Amino acid sequence: MLNQGELCWDDTLQIKFIMKKITKHTLLFAMAMFATVQLSVAKDGEGIKFFKGTWAEALKEAKKTKKLLFVDAFATWCGPCKMMAKKVFVQKKVGDFYNKNFIPVKIDVDSKTGRPLATKYEVRAMPTYLFVGGDGKLVYRKLGYMKSEEFISVGQSALKFPQMVKKYNAGDRSKKFLNEYLASVDDADAKVVNKYLAQLSEKEMLQDENNFKIMSTYVRDPESKAFKFFLSHTKEYKQAYGDQSLNLAVGILDNLYGKAFGKRKGDKKDAKSLQKLFNILMKLDPIMPKAKADGIIKNLQKKFDDGK
(Lines give C-alpha, C1' and ligand atoms only; values in the text may rest on other atoms or scores of the structure.)
Protein backbone atom coordinates (compact mmCIF):
# COMPACT_ATOMS: atom_id res chain seq x y z
CA MET A 1 0.00 0.00 0.00
CA LEU A 2 1.27 3.48 -0.85
CA ASN A 3 2.23 5.60 2.13
CA GLN A 4 0.95 9.08 2.76
CA GLY A 5 3.04 12.24 2.97
CA GLU A 6 3.85 13.05 6.56
CA LEU A 7 3.96 16.44 8.21
CA CYS A 8 7.24 17.69 9.54
CA TRP A 9 7.76 21.06 11.16
CA ASP A 10 10.76 23.28 11.50
CA ASP A 11 10.94 26.29 13.81
CA THR A 12 12.29 28.56 11.09
CA LEU A 13 10.26 27.43 8.10
CA GLN A 14 6.74 26.73 9.41
CA ILE A 15 5.02 23.43 8.66
CA LYS A 16 6.33 21.60 5.62
CA PHE A 17 5.03 18.57 3.83
CA ILE A 18 7.63 15.83 3.52
CA MET A 19 7.24 13.08 0.95
CA LYS A 20 7.43 9.73 2.67
CA LYS A 21 8.80 6.95 0.48
CA ILE A 22 7.92 3.30 0.91
CA THR A 23 10.80 2.05 3.03
CA LYS A 24 11.12 -0.11 6.10
CA HIS A 25 12.23 2.97 7.97
CA THR A 26 12.01 6.69 7.37
CA LEU A 27 14.09 9.28 9.17
CA LEU A 28 11.64 11.09 11.41
CA PHE A 29 13.33 14.43 10.94
CA ALA A 30 14.10 14.11 7.20
CA MET A 31 14.06 17.76 6.22
CA ALA A 32 13.61 17.80 2.47
CA MET A 33 12.81 21.46 3.04
CA PHE A 34 11.20 23.48 0.35
CA ALA A 35 12.24 27.09 -0.08
CA THR A 36 9.39 29.52 0.39
CA VAL A 37 8.70 31.15 -2.96
CA GLN A 38 6.47 34.10 -3.71
CA LEU A 39 4.33 33.23 -6.73
CA SER A 40 1.85 35.37 -8.57
CA VAL A 41 -1.51 33.76 -9.16
CA ALA A 42 -1.62 32.39 -12.70
CA LYS A 43 -4.49 33.25 -14.97
CA ASP A 44 -6.76 30.46 -16.18
CA GLY A 45 -5.18 28.47 -18.99
CA GLU A 46 -1.60 29.64 -18.42
CA GLY A 47 -0.36 26.52 -16.64
CA ILE A 48 -0.07 22.90 -17.70
CA LYS A 49 -3.06 21.70 -19.68
CA PHE A 50 -3.61 18.05 -18.85
CA PHE A 51 -4.94 15.64 -21.44
CA LYS A 52 -8.62 14.77 -21.22
CA GLY A 53 -9.11 11.15 -22.21
CA THR A 54 -8.14 7.58 -21.50
CA TRP A 55 -4.61 6.21 -21.15
CA ALA A 56 -4.95 4.47 -24.52
CA GLU A 57 -6.03 7.73 -26.13
CA ALA A 58 -3.07 9.55 -24.56
CA LEU A 59 -0.63 6.97 -25.94
CA LYS A 60 -2.24 7.34 -29.36
CA GLU A 61 -1.84 11.10 -29.18
CA ALA A 62 1.81 10.70 -28.18
CA LYS A 63 2.45 8.50 -31.23
CA LYS A 64 0.62 10.92 -33.51
CA THR A 65 2.50 14.00 -32.29
CA LYS A 66 5.80 12.16 -31.69
CA LYS A 67 5.94 13.58 -28.18
CA LEU A 68 6.54 11.94 -24.83
CA LEU A 69 3.77 11.72 -22.27
CA PHE A 70 4.48 13.68 -19.11
CA VAL A 71 2.65 11.78 -16.37
CA ASP A 72 1.98 13.35 -12.98
CA ALA A 73 1.42 10.33 -10.70
CA PHE A 74 -0.28 11.82 -7.65
CA ALA A 75 -2.46 10.93 -4.68
CA THR A 76 -5.29 13.00 -3.26
CA TRP A 77 -3.77 12.82 0.26
CA CYS A 78 -0.25 13.77 -0.86
CA GLY A 79 0.86 17.17 0.46
CA PRO A 80 3.71 17.77 -2.01
CA CYS A 81 1.38 16.77 -4.88
CA LYS A 82 -1.06 19.49 -3.84
CA MET A 83 1.78 22.01 -3.57
CA MET A 84 2.98 21.17 -7.10
CA ALA A 85 -0.54 21.54 -8.47
CA LYS A 86 -1.14 24.83 -6.65
CA LYS A 87 2.25 26.51 -6.94
CA VAL A 88 4.13 25.04 -9.91
CA PHE A 89 1.83 23.51 -12.54
CA VAL A 90 -0.15 26.76 -12.76
CA GLN A 91 2.83 28.95 -13.70
CA LYS A 92 2.88 30.30 -17.25
CA LYS A 93 6.52 29.43 -17.93
CA VAL A 94 5.92 25.86 -16.74
CA GLY A 95 2.79 25.54 -18.88
CA ASP A 96 4.53 26.98 -21.92
CA PHE A 97 7.33 24.44 -21.69
CA TYR A 98 5.35 21.31 -20.83
CA ASN A 99 2.42 22.00 -23.17
CA LYS A 100 4.82 22.54 -26.07
CA ASN A 101 7.05 19.52 -25.54
CA PHE A 102 4.83 16.83 -23.96
CA ILE A 103 1.35 15.39 -23.72
CA PRO A 104 0.63 16.08 -20.01
CA VAL A 105 -1.42 13.41 -18.21
CA LYS A 106 -2.52 13.03 -14.57
CA ILE A 107 -3.07 9.69 -12.86
CA ASP A 108 -4.45 9.22 -9.37
CA VAL A 109 -2.46 6.24 -8.08
CA ASP A 110 -5.31 5.16 -5.82
CA SER A 111 -8.00 5.21 -8.50
CA LYS A 112 -9.30 2.20 -10.40
CA THR A 113 -7.63 3.32 -13.62
CA GLY A 114 -4.49 4.77 -12.03
CA ARG A 115 -3.53 1.90 -9.74
CA PRO A 116 -2.55 -0.53 -12.56
CA LEU A 117 -0.37 2.16 -14.15
CA ALA A 118 1.27 2.95 -10.82
CA THR A 119 2.04 -0.75 -10.46
CA LYS A 120 3.34 -1.07 -14.02
CA TYR A 121 5.71 1.88 -13.67
CA GLU A 122 6.65 1.03 -10.06
CA VAL A 123 5.42 4.27 -8.53
CA ARG A 124 6.28 4.02 -4.84
CA ALA A 125 6.27 7.64 -3.71
CA MET A 126 4.40 10.74 -4.69
CA PRO A 127 4.58 12.89 -6.57
CA THR A 128 6.36 10.85 -9.26
CA TYR A 129 6.86 12.27 -12.74
CA LEU A 130 6.98 9.73 -15.55
CA PHE A 131 8.01 10.44 -19.12
CA VAL A 132 6.59 7.71 -21.33
CA GLY A 133 6.84 7.08 -25.06
CA GLY A 134 3.87 6.43 -27.32
CA ASP A 135 4.78 2.75 -27.14
CA GLY A 136 4.18 2.78 -23.40
CA LYS A 137 7.86 2.38 -22.51
CA LEU A 138 9.23 4.44 -19.63
CA VAL A 139 11.91 6.88 -20.81
CA TYR A 140 12.65 8.91 -17.69
CA ARG A 141 11.41 9.53 -14.16
CA LYS A 142 11.85 11.96 -11.28
CA LEU A 143 9.98 12.49 -8.05
CA GLY A 144 9.31 14.97 -5.31
CA TYR A 145 8.34 18.59 -4.84
CA MET A 146 10.53 21.07 -6.68
CA LYS A 147 10.52 24.70 -7.69
CA SER A 148 9.53 25.72 -11.21
CA GLU A 149 13.08 26.14 -12.51
CA GLU A 150 14.08 22.66 -11.39
CA PHE A 151 10.84 21.21 -12.70
CA ILE A 152 11.48 22.67 -16.15
CA SER A 153 15.03 21.34 -15.96
CA VAL A 154 13.60 17.86 -15.33
CA GLY A 155 11.58 18.15 -18.53
CA GLN A 156 14.65 19.27 -20.45
CA SER A 157 16.58 16.26 -19.13
CA ALA A 158 13.74 13.95 -20.22
CA LEU A 159 14.00 15.27 -23.78
CA LYS A 160 17.76 14.72 -23.88
CA PHE A 161 17.86 11.51 -21.89
CA PRO A 162 17.53 8.92 -24.71
CA GLN A 163 20.61 10.41 -26.40
CA MET A 164 22.49 10.54 -23.09
CA VAL A 165 21.79 6.85 -22.51
CA LYS A 166 23.25 6.04 -25.93
CA LYS A 167 26.42 7.98 -25.12
CA TYR A 168 26.72 6.35 -21.70
CA ASN A 169 26.22 2.85 -23.12
CA ALA A 170 28.82 3.63 -25.78
CA GLY A 171 31.33 4.21 -23.01
CA ASP A 172 31.48 7.99 -22.67
CA ARG A 173 32.88 8.67 -19.21
CA SER A 174 34.20 12.18 -19.79
CA LYS A 175 33.88 14.57 -16.89
CA LYS A 176 31.73 16.99 -18.90
CA PHE A 177 29.27 14.30 -19.97
CA LEU A 178 29.03 12.65 -16.54
CA ASN A 179 28.32 16.03 -14.96
CA GLU A 180 25.07 16.18 -16.93
CA TYR A 181 24.26 12.48 -17.02
CA LEU A 182 24.69 11.71 -13.32
CA ALA A 183 22.64 14.77 -12.37
CA SER A 184 19.79 13.35 -14.46
CA VAL A 185 19.61 9.80 -13.07
CA ASP A 186 19.08 8.25 -9.64
CA ASP A 187 20.51 4.76 -10.22
CA ALA A 188 23.92 5.10 -11.87
CA ASP A 189 26.70 2.58 -11.20
CA ALA A 190 28.29 3.42 -7.84
CA LYS A 191 31.81 2.86 -9.21
CA VAL A 192 31.23 5.40 -11.97
CA VAL A 193 29.82 7.92 -9.49
CA ASN A 194 32.66 7.49 -6.98
CA LYS A 195 35.29 7.83 -9.69
CA TYR A 196 33.62 11.00 -10.95
CA LEU A 197 33.34 12.54 -7.47
CA ALA A 198 37.00 11.78 -6.77
CA GLN A 199 37.96 14.01 -9.74
CA LEU A 200 36.13 17.08 -8.46
CA SER A 201 37.91 20.08 -7.07
CA GLU A 202 36.55 21.81 -3.97
CA LYS A 203 35.28 24.64 -6.17
CA GLU A 204 33.41 22.19 -8.40
CA MET A 205 31.83 20.45 -5.41
CA LEU A 206 30.53 23.73 -4.02
CA GLN A 207 29.72 25.93 -7.00
CA ASP A 208 28.40 23.53 -9.66
CA GLU A 209 24.66 22.91 -9.27
CA ASN A 210 24.80 19.59 -11.14
CA ASN A 211 27.48 18.36 -8.75
CA PHE A 212 25.29 19.40 -5.83
CA LYS A 213 22.47 17.25 -7.29
CA ILE A 214 24.87 14.34 -7.83
CA MET A 215 26.21 14.53 -4.29
CA SER A 216 22.70 14.77 -2.84
CA THR A 217 21.64 11.67 -4.75
CA TYR A 218 24.65 9.43 -4.34
CA VAL A 219 26.81 10.41 -1.37
CA ARG A 220 25.96 7.93 1.39
CA ASP A 221 29.33 7.40 3.11
CA PRO A 222 29.85 9.80 6.05
CA GLU A 223 33.61 9.23 5.72
CA SER A 224 33.74 10.16 2.03
CA LYS A 225 35.74 13.13 0.77
CA ALA A 226 32.60 14.77 -0.60
CA PHE A 227 30.61 14.56 2.64
CA LYS A 228 33.49 15.72 4.81
CA PHE A 229 33.90 18.71 2.50
CA PHE A 230 30.18 19.45 2.85
CA LEU A 231 30.32 19.35 6.67
CA SER A 232 33.28 21.73 6.72
CA HIS A 233 31.53 24.20 4.39
CA THR A 234 27.94 24.25 5.64
CA LYS A 235 27.86 28.05 5.69
CA GLU A 236 28.87 28.24 2.04
CA TYR A 237 26.36 25.55 1.01
CA LYS A 238 23.63 27.38 2.93
CA GLN A 239 24.46 30.57 1.04
CA ALA A 240 24.55 28.79 -2.33
CA TYR A 241 21.56 26.44 -2.03
CA GLY A 242 19.53 27.66 0.93
CA ASP A 243 17.38 25.08 2.72
CA GLN A 244 17.87 22.66 -0.17
CA SER A 245 21.44 22.14 1.05
CA LEU A 246 20.16 19.80 3.76
CA ASN A 247 19.33 17.32 0.98
CA LEU A 248 23.01 16.45 0.85
CA ALA A 249 22.86 15.08 4.39
CA VAL A 250 19.42 13.44 4.50
CA GLY A 251 20.47 10.18 2.81
CA ILE A 252 23.31 9.60 5.27
CA LEU A 253 21.17 10.58 8.27
CA ASP A 254 18.45 8.23 7.08
CA ASN A 255 20.88 5.33 6.79
CA LEU A 256 22.29 5.96 10.27
CA TYR A 257 18.79 6.23 11.70
CA GLY A 258 17.94 2.85 10.21
CA LYS A 259 21.05 1.28 11.71
CA ALA A 260 20.47 2.92 15.09
CA PHE A 261 16.84 1.89 15.50
CA GLY A 262 16.74 -1.18 13.28
CA LYS A 263 15.38 -1.43 9.77
CA ARG A 264 13.01 -4.26 10.65
CA LYS A 265 10.91 -5.10 13.65
CA GLY A 266 13.01 -7.10 16.06
CA ASP A 267 16.36 -5.69 14.89
CA LYS A 268 18.80 -4.73 17.63
CA LYS A 269 19.49 -1.07 18.25
CA ASP A 270 22.95 0.31 17.60
CA ALA A 271 24.20 3.06 19.93
CA LYS A 272 27.31 3.69 17.80
CA SER A 273 25.22 4.56 14.75
CA LEU A 274 23.05 6.82 16.86
CA GLN A 275 26.14 8.66 18.11
CA LYS A 276 27.42 9.07 14.52
CA LEU A 277 24.04 10.52 13.61
CA PHE A 278 24.26 12.97 16.52
CA ASN A 279 27.79 13.98 15.56
CA ILE A 280 26.62 14.90 12.06
CA LEU A 281 23.60 16.82 13.32
CA MET A 282 25.84 18.97 15.50
CA LYS A 283 27.92 19.95 12.46
CA LEU A 284 25.04 21.05 10.23
CA ASP A 285 24.66 24.58 11.57
CA PRO A 286 23.61 26.95 9.96
CA ILE A 287 21.84 24.58 7.52
CA MET A 288 20.12 23.08 10.55
CA PRO A 289 20.33 25.58 13.42
CA LYS A 290 22.04 24.22 16.53
CA ALA A 291 18.91 24.69 18.66
CA LYS A 292 16.92 22.58 16.20
CA ALA A 293 19.60 19.88 16.15
CA ASP A 294 19.67 19.85 19.95
CA GLY A 295 15.92 19.25 20.07
CA ILE A 296 16.10 16.41 17.55
CA ILE A 297 18.97 14.77 19.44
CA LYS A 298 17.05 14.99 22.70
CA ASN A 299 13.94 13.40 21.17
CA LEU A 300 15.86 10.63 19.43
CA GLN A 301 17.85 9.80 22.57
CA LYS A 302 14.58 9.50 24.51
CA LYS A 303 13.13 7.26 21.79
CA PHE A 304 16.27 5.11 21.90
CA ASP A 305 16.29 4.85 25.72
CA ASP A 306 12.57 4.17 26.00
CA GLY A 307 12.85 1.18 23.72
CA LYS A 308 15.58 -0.55 25.70
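What follows is a short chat about a predicted model, covering its sheet, its cores and one of its helices.

Me: Start with the sheet. In what order do the four strands come?
Reply: The order is E4-E3-E5-E6. The sheet is open, and its pairing is mixed.

Me: Which strands stand at the edges?
Reply: Strand E4 (102-108) and strand E6 (138-143). Each has a single partner strand, so one side of each is left without a neighbour in the sheet.

Me: What does the twist average?
Reply: 20° from one strand to the next.

Me: And E3 to E5, parallel or antiparallel?
Reply: Antiparallel. Five bridges join E3 (residues 68-74) to E5 (residues 128-132). Across that pairing, Asp72 stands opposite Tyr129, and Leu69 stands opposite Val132.

Me: How many bridges join E3 to E4?
Reply: Seven, and those two strands run parallel. Leu68 has Phe102 in E4 as its bridge partner.

Me: Is E3 buried or exposed?
Reply: Seven of its seven residues are buried, so E3 is largely enclosed by the rest of the structure. Leu68, Phe70, Asp72 and Phe74 lie on one side, with Leu69, Val71 and Ala73 on the other. Both faces are covered.

Me: Why do they split like that?
Reply: In a regular strand, side chains alternate between the two faces of the sheet.

Me: Switching to cores. How many residues has the largest nonpolar one?
Reply: It has 73 residues. Phe70, Tyr98, Phe131 and Tyr237 are among those with the most contacts inside it. Helix H12 (residues 247-261) gives the largest share, nine residues.

Me: What does Tyr237 touch?
Reply: Beyond four places away in sequence, its contacts include Met205, Leu206, Phe212, Phe229, Leu248 and Ile287.

Me: What does the second core include?
Reply: Leu69, Val71, Cys78 and Val109 are included. That core is separate and has 22 residues.

Me: Now H13. Which of its residues are buried?
Reply: In H13 (residues 271-281) they are Ser273, Leu274, Leu277, Phe278, Ile280 and Leu281. Seen down the helix axis, they fall within an arc of 160°, so they line one face of H13.

Me: What covers them?
Reply: The cover includes helix H10 (225-231), H12 and helix H14 (290-306).

Me: Last one. What does Asp270 reach at the start of H13?
Reply: The backbone nitrogen of Lys272. A side-chain oxygen of Asp270 comes to within 3.1 Å of that atom.

Methods: Residues are numbered from 1 along each chain as its sequence is written. This is a predicted model: local features need pLDDT of at least 70, side-chain atom pairs count only at pLDDT 80 or more; totals for chains, interfaces and linings use all residues. Side-chain values use heavy atoms; hydrogens and water are left out. A nonpolar core is a set of buried Ala, Val, Leu, Ile, Met, Phe, Trp, Tyr and Cys residues joined through side-chain atoms within 4.5 Å. Buried means under 20% relative accessible area, exposed over 50%, partly exposed in between (1.4 Å probe, protein chains only). Contact means heavy atoms within 4.5 Å. Two strands pair if DSSP finds at least two bridges between them. Axes are lines fitted to C-alpha atoms, for helices over the stretch in contact, and angles run from 0 to 180 degrees between N-to-C directions. The arc is that of the directions from the helix axis to the C-beta atoms. A polar contact is a pair of N or O atoms within 3.5 Å; within protein, one must be able to donate a hydrogen and the other to accept it, and residues adjacent in sequence count only if both atoms are side-chain atoms.
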